[in-house]
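Here is my note on the model, set out as numbered points for a colleague who has not seen it before. Please read it beside the structure shown next.

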Amino acid sequence: MEKTERRTYTVAEVVEILGVSRITVLRRVRDGTIPSIRLGRRVLIPAEYVDELLKKWRKEGGERQ
């Protein structure tokens, strides 16, 4: 069976990937800074957004805003 590419991440996964707190991610989801999809109680964040954010940070020398 072929493994499919991830299209979304959970809040916990984004916390781990970005190295920020859970409350930071949830605040950014709430204010719309981080796009998200809500399915019931689950909040999913598009992997494309996370990938683009990481690319931007690398280009800017790793500085976070």
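1. By about how much of the helix are arginine 28 and aspartate 31 separated in helix H2? They are three residues apart, which amounts to about one helical turn. An α-helix has 3.6 residues a turn, so residues three or four places apart point the same way.

2. This is a predicted model, in which local features need pLDDT of at least 70 and side-chain atom pairs count only at pLDDT 80 or more, while totals for chains, interfaces and linings use all residues. Residues are numbered from 1 along each chain as its sequence is written, and side-chain values use heavy atoms, leaving out hydrogens and water.

3. The salt bridges (a side-chain nitrogen of Lys or Arg within 4 Å of a carboxyl oxygen of Asp or Glu) come to three. In one of them the closest N and O atoms of arginine 28 and aspartate 31 are 3.8 Å apart. Lysine 55 and glutamate 52 are joined at 3.7 Å, N to O, and both lie in helix H3, three residues apart. Arginine 6 meets glutamate 13 at 2.8 Å, N to O.

4. Helix H1 (residues 11-18; helices are DSSP runs of H or I, at least four residues, and strands are runs of E, at least two, numbered from the N terminus) has Val11, Val14, Val15 and Leu18 as its buried residues, buried meaning under 20% relative accessible area, exposed over 50% and partly exposed in between, with a 1.4 Å probe and protein chains only. They lie on the same side of H1 because they cover an arc of only 105° around the axis, taken from the directions from the helix axis to the C-beta atoms. The face turned away from that buried side carries exposed Ala12 and Glu16.
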